[in-house]
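Student: I'd like a close look at a single part of this protein, with the reasoning spelled out as you go. Could you walk me through it?

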Amino acid sequence: MSQQKQSVVTPERFASGLTWQQFLAHIQRNKEKFENNYRDAELPEDDIAALGALVTLPNGPAKALALGEDWCPDVFRGLPVMARIAEAAGIDLRIFPRDANLDIMNEFLKHGEHQSIPTFVFYTRDHDYITHWIDRPALADEQMEEMRKLFEGRTRDEAAPLYDEFQRGPIWAGWRTETVRELRRLLAENLRS
């Protein structure tokens with residue numbers, strides 16, 4: 001995102017976003033998966049303490065905007081992690097459905113061209129942009145082949161129960177944990193000055 005142009009995310013627009021509880025009430029698909037990922041997200045104490053300390057900085061991440069859709073596996077895995085982080089660290093999280101907010105999404109395109117979700121955008125208390133994170137942790141990209149193997153030679157109906165099992169397994173859980181670590185590193189790197 002170029003910081004030269006005016007963002008469509010004004011403080012008023014940010015405040016109009018959904019809270020985590022409002023988002024859960026709003027979604028139409030995968031509510032159980034959102035709730036399960038929220039419940040099962042592990043938040044290591046040292047990561048939460050470090051994130052909480054970053055929030056207390058004058059230029060710390062007091063606000064986070066999330067873009068997502070309820071049909072997306074990366075969203076129903078990653079957004080609950082962000083919700084848990086926000087609650088534990090004291091970050092004001094506001095959620096926007098991507099497809100109804102394409103003007104916001106277009107400010108934060110992956111590689112300048114993809115409307116990838118979830119996208120998390122961090123702001124200071126004064127609504128100054130800090131940084132953003134898109135899609136999924138690098139570990140998930142590295143291990144994606146493990147998930148793809150579930151679909152080899154299978155119809156969608158045959159693969160569906162295996163995919164559901166994968167989502168309850170250790171690789172998926174590791175992706176949630178790595179999301180916490182990546183967000184911590186990204187924020188710490190962008191707050192050095």
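Which residues does histidine 127 touch, not counting residues up to four places away in sequence?

Tutor: Happy to! Please keep in mind that this is a predicted model. Histidine 127 touches Val9, Thr10, Pro11, Phe14 and Lys63, once residues up to four places away in sequence are set aside. As for where it sits, histidine 127 is found in the loop between β3 (119-123) and β4 (129-134). Although it is a loop residue, histidine 127 is buried: its relative accessible area is 11%, and the cut-off for buried is under 20%. One of its neighbours also takes part in a polar contact, since the side chain of histidine 127 reaches the backbone oxygen of valine 9 at 2.7 Å.

From there, let's turn to the nonpolar interior. The largest nonpolar core has 54 residues, and Phe34, Leu65, Leu79, Met82 and Ile85 touch the most other members. Helix α5 gives the most to this core, with nine residues. Take leucine 79 as an example: leaving aside neighbours within four places in sequence, leucine 79 is in contact with Trp20, Phe23, Phe34, Ala66, Asp74, Ile95 and Phe120.

Two of those contacts, Trp20 and Phe34, lead us to the aromatic residues. The structure holds 14 aromatic pairs. In one of them, the rings of tryptophan 20 and phenylalanine 34 have their centres 6.4 Å apart and their planes at 55°, so the pair is tilted. Tryptophan 20 belongs to helix α2 (residues 20-26) and phenylalanine 34 to helix α3, so this pair ties together parts that are 14 residues apart in sequence. Both tryptophan 20 and phenylalanine 34 are buried.

Phenylalanine 151 and tyrosine 163 form another tilted aromatic pair, at 5.7 Å centre to centre with 55° between the planes. Here phenylalanine 151 lies in the loop between α7 and α8, while tyrosine 163 lies in helix α8, so parts that are twelve residues apart in sequence are tied together. The partners differ in exposure: phenylalanine 151 counts as partly exposed at 36% relative accessibility, whereas tyrosine 163 is buried at 15%. Trp20, Phe34, Phe151 and Tyr163 are among the members of one aromatic cluster, which also includes Phe166, Trp172 and Trp175.

Tyrosine 163 brings us to helix α8 itself. At 1.5 Å a residue, the twelve residues of α8 (residues 156-167) should span 16 Å, and the end C-alpha atoms are indeed 16 Å apart, which agrees. The buried residues of α8 are Ala159, Tyr163, Phe166 and Gln167. They cover an arc of only 85° around the axis, which puts them on the same side of α8. On the other side of α8, Asp157 and Glu165 are exposed. As for what the buried side meets, the buried residues of α8 pack against α3 (31-40), α5 (73-89), α7 (138-148) and α9 (170-191).

One more stop, in a helix we have just met: glutamate 178 lies in α9. At 15% relative accessibility, glutamate 178 counts as buried. Neighbours within four places in sequence aside, glutamate 178 is in contact with Pro137, Leu139 and Arg185.

Note on methods
Residues are numbered from 1 along each chain as its sequence is written. This is a predicted model: local features need pLDDT of at least 70, side-chain atom pairs count only at pLDDT 80 or more; totals for chains, interfaces and linings use all residues. Side-chain values use heavy atoms; hydrogens and water are left out. Helices (H or I, at least four residues) and strands (E, at least two) are DSSP runs, numbered from the N terminus. The expected span of a helix is 1.5 Å times one less than its number of residues. Buried means under 20% relative accessible area, exposed over 50%, partly exposed in between (1.4 Å probe, protein chains only). The arc is that of the directions from the helix axis to the C-beta atoms. Contact means heavy atoms within 4.5 Å. A nonpolar core is a set of buried Ala, Val, Leu, Ile, Met, Phe, Trp, Tyr and Cys residues joined through side-chain atoms within 4.5 Å. A polar contact is a pair of N or O atoms within 3.5 Å; within protein, one must be able to donate a hydrogen and the other to accept it, and residues adjacent in sequence count only if both atoms are side-chain atoms. Rings of Phe, Tyr and Trp (its six-membered ring) pair if their centres lie within 6.5 Å; planes under 30 degrees apart count as stacked, over 60 as edge-to-face and the rest as tilted.
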